[in-house]
Amino acid sequence: MSTQSLPTLPFFPVTCREGSTLLRGRTRRALTAEEVTKTCEVLLAAALRRRCSFWLLDGRVNTTAHTAELHEWLQEDYFPRVRAQLGHPPCIALLVAPCLWHDMASIGLDAPAQWPMWGARVGWFREERDALEWLRHQGAQARTRLQLTGEEWQPLIAGQYQQLSFNF
């Protein structure tokens with residue numbers, strides 16, 4: 001299957017394979033807080049366009065932590081909008097630089113974690129293999145929940161429903 005390019009930024013390409021529900025984004029260089037917010041908006045647009053609620057984001061080239069203001073924006077504005085527009089919380093695997101991995105616990109970021117106040121399931125990883133396995137597990141749990149409850153994903157666009165397909 002081919003990989004389809006989506007609206008993107010030069011410093012953060014976003015792709016999704018045809019028929020997949022996995023968005024992939026890769027930071028090409030360290031980003032400013034303003035660039036992170038632009039990147040987040042591109043990710044949301046791509047997720048809505050391709051009906052993707054599973055994201056693999058590679059930020060390993062970024063070696064500095066972001067500001068508290070950026071984290072507040074994510075918590076108070078961005079993730080509530082993502083959840084509302086997708087109809088359910090996104091599941092996001094973030095690949096982080098090894099130099100940041102050790103600092104994460106000291107600022108309260110455990111890997112992986114459910115962030116109910118952010119309306120997202122977020123996992124922090126050093127290796128892509130581990131991140132993909134976690135995303136597959138999250139997808140399997142979501143399928144099981146849907147089967148047990150007989151529910152369907154909330155429509156992202158009238159008449160269309162989220163499909164869980166992992167071809168990555």
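**View 1. The surface of the chain.** This predicted model exposes about 8,800 Å², an area computed with the Shrake-Rupley method and a 1.4 Å probe. Carbon and sulfur atoms supply 53% of that surface. Of the 168 residues, 44% count as buried, meaning under 20% relative accessible area with a 1.4 Å probe, protein chains only. Residues are numbered from 1 along each chain as its sequence is written. Because the model is predicted, local features need pLDDT of at least 70 and side-chain atom pairs count only at pLDDT 80 or more, while totals for chains, interfaces and linings use all residues; side-chain values use heavy atoms, without hydrogens and water.

**View 2. The largest nonpolar core.** Here a nonpolar core is a set of buried Ala, Val, Leu, Ile, Met, Phe, Trp, Tyr and Cys residues joined through side-chain atoms within 4.5 Å. This one has 30 residues, and Val14, Leu23, Leu43, Trp55, Leu57 and Tyr78 touch the most other members. Elements giving two or more residues include helix H1 (33-50) and strand E7 (120-125); helices (H or I, at least four residues) and strands (E, at least two) are DSSP runs, numbered from the N terminus. H1 gives the most, with seven residues.

**View 3. Around Tyr78.** Leaving aside residues up to four places away in sequence, Tyr78 touches Cys40, Glu41, Leu43, Leu44, Trp55 and Trp73, where contact means heavy atoms within 4.5 Å.

**View 4. Strand E7, covered on both faces.** Ala120, Val122 and Trp124 are buried on one side of E7, and Arg121, Gly123 and Phe125 on the other. Cys91 stands opposite Arg121. E5 and E7 run parallel, joined by five bridges; strands pair if DSSP finds at least two bridges between them.

Terms used
Buried < 20%, exposed > 50% of the residue type's maximum accessible area, 1.4 Å probe, protein only.
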